[in-house]
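Here are some exercises to work through with the sequence and the model side by side. Try each task yourself before you read its solution.

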Amino acid sequence: MILISGATGNVGRHLVGGLLDQGEKFRILVRDERKVAHLGQGVERVVGDLNKPETLAAAMRGVDRLYFVTPEPQQVLNLLEAARTAGVRHVVKQSTIEADRSLGPGRWHREQEELVESYGFEWTFLRPTMLMVNVIEWWGATIKSHGAVYFPGGKGRVPPVDPRDVAAVAARVLTSPGHTGRIYELTGLEALTIGEMVSILGKVLGKRIRYVNVPAFLAAIWMRRFGLPAYLVDGLMETLGALRRSEYAYVTDAVLSVTGCPPGSFDAWCRDNIAAFL
Ligand SMILES: NC(=O)c1ccc[n+]([C@@H]2O[C@H](COP(=O)([O-])OP(=O)(O)OC[C@H]3O[C@@H](n4cnc5c(N)ncnc54)[C@H](OP(=O)(O)O)[C@@H]3O)[C@@H](O)[C@H]2O)c1
């Protein structure tokens, strides 16, 4: 039995679909059952919260493989304690590509990877680069309101990855042998500048979108105004600095080697998600 935590998330929702298609036995842990009402009775679920350890035992019953996404230390501790008690064998953690050198949020993820290792589970770490779906949250509102994208990307390159590809890798890792002790850095097909991404999105939408390369300090001020805590803003600014310097511009073959299918392009993702920008 597989337990999916984060099943309503950017990757988790596609992982649920993938495991359903494969006919796998799995359960999801959700905070709000209404969010998964569309799944019907075909998916076993337990209502719980990673901040409430007393809710996790029921979710772990009979589980031998676990997938999770949170980097929050107490939540990970709660989850791993419950997993150990239940006798979970294999833990698959969604991490981030920056965990390789503890940059930005990668620092928090690497600490949690080390915690997983210290528990003695078999483990696999999935380290995606920027998820394509982020652009809905980052750019959707200003594209709709006045056809512009404000982002401190400079001329840096990054190969954004389709969350469906991360989910496809997760499904394989959870259901086939040979993935324990492996770290998979997951990227898309090609490294693009933010300007190129905006231009691709504009072509798909059939409208001109202006890319405004805002200074990093201004982006940090906006993030604070939106209510992001200081530590998170600092971490994200480190990530954006690395993006501007093209430090994560490389492409890996991990999606292809694990799933047998090449990763999807940004153009294809935009076509499939056009409604989010209208
Ligand atoms: N976005 C990226 O580009 C990217 C790239 C690389 C790595 N990552 C990493 O991937 C992870 C996921 O990021 P994301 O932005 O894509 O988020 P997400 O997976 O879309 O959303 C978080 C998920 O966690 C669940 N959750 C949150 N708090 C919970 C709690 N207390 N108890 C149980 N479930 C809880 C949420 O459920 P609800 O529906 O109840 O809120 C949701 O399903 C992060 O650690 C991030 O650092 C993200």
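**Exercise 1. Decide whether Q94 is buried, partly exposed or exposed, and describe its surroundings.**

Step 1. Start with the cut-offs: buried means under 20% relative accessible area, exposed means over 50%, and partly exposed is in between (1.4 Å probe, protein chains only). Q94 has a relative accessibility of 12%, so it counts as buried.

Step 2. Before going on, note that this is a predicted model, in which local features need pLDDT of at least 70, side-chain atom pairs count only at pLDDT 80 or more, and totals for chains, interfaces and linings use all residues. Residues are numbered from 1 along each chain as its sequence is written, and side-chain values use heavy atoms, with hydrogens and water left out.

Step 3. Now place the residue: Q94 belongs to strand 5, which covers residues 90–94. Helices (H or I, at least four residues) and strands (E, at least two) are DSSP runs, numbered from the N terminus.

Step 4. List the contacts, meaning heavy atoms within 4.5 Å. Leaving out residues up to four places away in sequence, Q94 touches V11, Y67, F68, V69, H109, L126 and P128.

Step 5. Look for a polar contact, which is a pair of N or O atoms within 3.5 Å; within protein, one must be able to donate a hydrogen and the other to accept it, and residues adjacent in sequence count only if both atoms are side-chain atoms. The side chains of Q94 and Y67 make one, at 2.7 Å.

**Exercise 2. Describe the shell of residues around the ligand.**

Step 1. A residue is near a molecule if one of its heavy atoms lies within 4 Å of it. The ligand is surrounded by 21 residues, and the closest are T8, N10, R31, H109 and N134.

Step 2. Sort the shell by type: six residues are nonpolar, 12 polar and three charged. Here Ala, Val, Leu, Ile, Met, Phe, Trp, Tyr, Cys and Pro count as nonpolar, Asp, Glu, Lys and Arg as charged, and the others, Gly among them, as polar.

Step 3. Check some distances to oxygen atoms of the ligand. In the side chain of T8, an N or O atom is 2.4 Å from one. For G9, a backbone N or O atom lies 3.1 Å from one. Q94 returns here, with a polar side-chain atom 2.8 Å from an oxygen atom of the ligand.

Step 4. On its own, the ligand has 900 Å² of accessible area, and the protein covers 77% of this. The areas come from the Shrake-Rupley method with a 1.4 Å probe; for residues, only the protein chains shown count as cover.

**Exercise 3. Test whether the length of helix 7 agrees with its number of residues.**

Step 1. The expected span of a helix is 1.5 Å times one less than its number of residues.

Step 2. Helix 7 (residues 194–205) has 12 residues, so the span should be 16 Å; the end C-alpha atoms are 16 Å apart, which agrees.

Step 3. Find its buried residues: I194, M197, V198, I200, L201, G202, V204 and L205. To read such a list, remember that an α-helix has 3.6 residues a turn, so residues three or four places apart point the same way.

Step 4. Look just past the end of helix 7, where G206 takes a positive phi of about 70°.

**Exercise 4. Find out which residues E113 touches.**

Step 1. E113 sits in helix 4 and is buried, at 0% relative accessibility.

Step 2. Not counting residues up to four places away in sequence, E113 touches K93, S95, A99, F125 and R127.

Step 3. E113 and S95 are 18 residues apart along the chain, and their C-alpha atoms are separated by 7.8 Å.

Step 4. The side chains of E113 and R110 are joined by a polar contact of 2.7 Å.

**Exercise 5. Describe where V36 lies and which residues it touches.**

Step 1. V36 is in the loop between strand 2 (26–30) and strand 3 (44–47). With a relative accessible area of 2%, V36 is buried.

Step 2. Beyond residues up to four places away in sequence, V36 touches T8, I28, V30 and R45. The C-alpha atoms of V36 and T8 are 7.3 Å apart, although 28 residues separate them along the chain.
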